[in-house]
Amino acid sequence: MRKFMKRSAGIAVAAAAALALAACSGDAGGGQGDSEVPDDDATYIAMVSKGFQHQFWQAVQKGAEEKAEELGVEITYEGPAAETQIDDQLNMLRTAIDRKPDALAFAALDPEACVPLYEEAESAGIPLVEFDAGCTASDYSSSLAATDNNAAGALAADHMAELIGEEGEVGIISHSQINSTGVDRRDGFVDQIEAEYPDIEIVDIQYGDGDHLKSADIAKAMLSAHPDLKGLYGTNEGSAIGIVNAATELGLTGDDVTIIGFDSGSAQIEAIKNGTMAGAVTQDPMAIGALTVQSAFDVINGDTPEEFIDTGSYWFDADNIDSEEIQEKIYE
């Protein structure tokens with residue numbers, strides 16, 4: 001009998017231990033998460049996320065696990081070590097298909113590379129739902145639980161405009177020019193600026209793969225190339241923290257450059273509280289996890305979930321960070 005195990009991945013030490021364990025055991029892709037399958041008689045949903053290096057994905061896992069316990073189902077939750085590791089993620093999905101779960105849940109890093117595996121899942125008769133970002137080149141998925149990232153990007157643009165007096169130069173450091181979340185958060189911001197704020201110029205857009213070290217280097221180069229830059233927008237946790245670290249290293253404060261981030265996490269929360277970062281747009285990661293499991297459960301039981309479930313986006317800054325509404329949406 002196969003025993004299902006749950007364990008927390010909420011701290012970096014645990015994540016590193018999971019990575020080491022995966023490497024020693026030959027786990028496909030060297031990813032992190034819970035991969036032991038449940039007893040044969042349990043309803044089983046296999047979830048494959050985009051990554052595990054950011055607290056965001058650990059919060060998604062927590063929401064998924066809580067909903068699974070509520071529904072009386074078992075889940076596994078895995079993701080590659082970094083959001084650039086597309087092949088590793090696809091190997092995880094392939095392994096999940098081989099386990100023959102009752103349903104699959106997938107957050108696509110590449111919207112096209114996933115198509116052959118979706119075809120395999122369909123051939124095997126395994127229903128599939130998506131979370132955070134879909135395999136847009138396939139129509140097999142029953143549902144997508146995600147943030148409306150275009151709207152979230154526009155929300156960031158509105159606050160940037162307000163904070164810099166609706167004029168000046170700004171730059172964007174995005175986490176991906178392939179993945180739909182990076183593309184949509186970028187485009188939502190750009191489109192809103194171009195439509196509503198003619199005196200703001202977006203002077204540069206660069207891509208740091210969600211890595212805070214790479215994003216910091218990009219931010220320093222951008223600030224050097226554009227000395228009049230008034231604002232920088234980072235499209236995910238790693239991008240935003242890279243910008244914050246660059247500003248700190250250069251001795252810049254929130255009065256020198258307006259920094260707007262995305263998601264939350266302890267480093268962004270601290271940067272907002274100390275004034276280095278003006279604010280950020282947060283998603284509701286626990287709701288994403290919970291609604292994904294609910295959608296998979298519905299499909300297993302013959303029900304039809306909504307095709308797109310908008311899990312919302314919310315602006316937070318030093319003024320509202322301690323409010324009940326925001327505290328329910330952010331994570332540390």
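Right after helix α8 comes Gly-251, a residue with a positive phi, near 75°. The structure is a predicted model, and α8 is a good place to start looking around in it. The helix runs over residues 237-249, and its length works out: at 1.5 Å a residue, its 13 residues should span 18 Å, and the end C-alpha atoms are indeed 18 Å apart. At the N-terminal end sits a cap, Asn-236, which has a side-chain oxygen 3.3 Å from the backbone nitrogen of Gly-238.

How much of α8 is tucked away? Of its 13 residues, 10 are buried, so the helix is largely enclosed by the rest of the structure. The buried set begins with Glu-237, Gly-238, Ser-239, Ala-240 and Ile-241, and it goes on with Gly-242, Ile-243, Val-244, Ala-246 and Ala-247. Quite a few elements do the enclosing. Among the helices, these buried residues pack against α2 (55-71), α7 (212-225) and α9 (266-273). Among the strands, they pack against β7 (168-174), β9 (229-234) and β10 (258-262).

The residue that caps α8, Asn-236, turns up again at a cavity. A search of the whole structure finds one cavity of 30 Å³ or more, and the volume of the largest cavity is about 80 Å³. Its lining is made up of 13 residues, and those nearest the centre are Trp-57, Glu-83, Arg-185, Asn-236 and Asp-263. Helix α2 supplies at least two residues of this lining, and so does α6 (180-196). Helix α2 therefore has two roles here, since it also packs against the buried residues of α8, the helix of which 10 of the 13 residues are buried. As for character, the lining divides into six charged residues, five polar ones and two nonpolar ones.

Two more helices each offer a buried residue to look at. The first topic is His-159, which lies in α5 (residues 149-163). With a relative accessible area of 18%, under the 20% cut-off, His-159 is buried. Setting aside residues up to four places away in sequence, His-159 touches Ile-260 and Trp-315.

Next is Val-115, found in helix α4 (residues 115-123). Val-115 has a relative accessibility of 19%, so this residue counts as buried. Which residues is Val-115 in contact with, leaving aside neighbours within four places in sequence? They are Cys-135, Ala-137 and Ser-138. Cys-135 is 20 residues away from Val-115 along the chain, yet the two C-alpha atoms are separated by 6.9 Å.

Back to backbone angles. Besides Gly-251, whose phi is positive, there are residues with a positive phi that are not glycines. Lys-100 is one of them, with a phi of about 55°. Lys-100 lies in the loop between α3 (86-98) and β4 (103-106), and at 67% relative accessibility it counts as exposed, the cut-off for that being over 50%. Asp-209 is another non-glycine with a positive phi, about 60° in this case. Asp-209 also has its place in a loop, between β8 (200-207) and α7, and α7 is one of the elements that pack against the buried residues of α8. Is Asp-209 buried, partly exposed or exposed? With a relative accessible area of 30%, Asp-209 is partly exposed.

Technical notes:
Residues numbered from 1 in each chain as written. Predicted model: local features only at pLDDT ≥ 70, side-chain atom pairs only at ≥ 80, totals over all residues. Heavy atoms only, no water. Helix = DSSP H or I, 4+ residues; strand = E, 2+ residues; numbered from the N terminus. Expected span 1.5 Å × (residues − 1). Buried < 20%, exposed > 50% of the residue type's maximum accessible area, 1.4 Å probe, protein only. Contact = heavy atoms within 4.5 Å. Polar contact = N/O pair within 3.5 Å; in protein donor to acceptor, adjacent residues only side chain to side chain. 1 Å grid on protein atoms, 1.4 Å probe; cavity = no way out; pocket = protein on both sides within 12 Å on 5 of 7 lines; lining within 4 Å. Points joined across faces, edges and corners; volume = space filled by probe spheres on them. Nonpolar A, V, L, I, M, F, W, Y, C, P; charged D, E, K, R; others polar.
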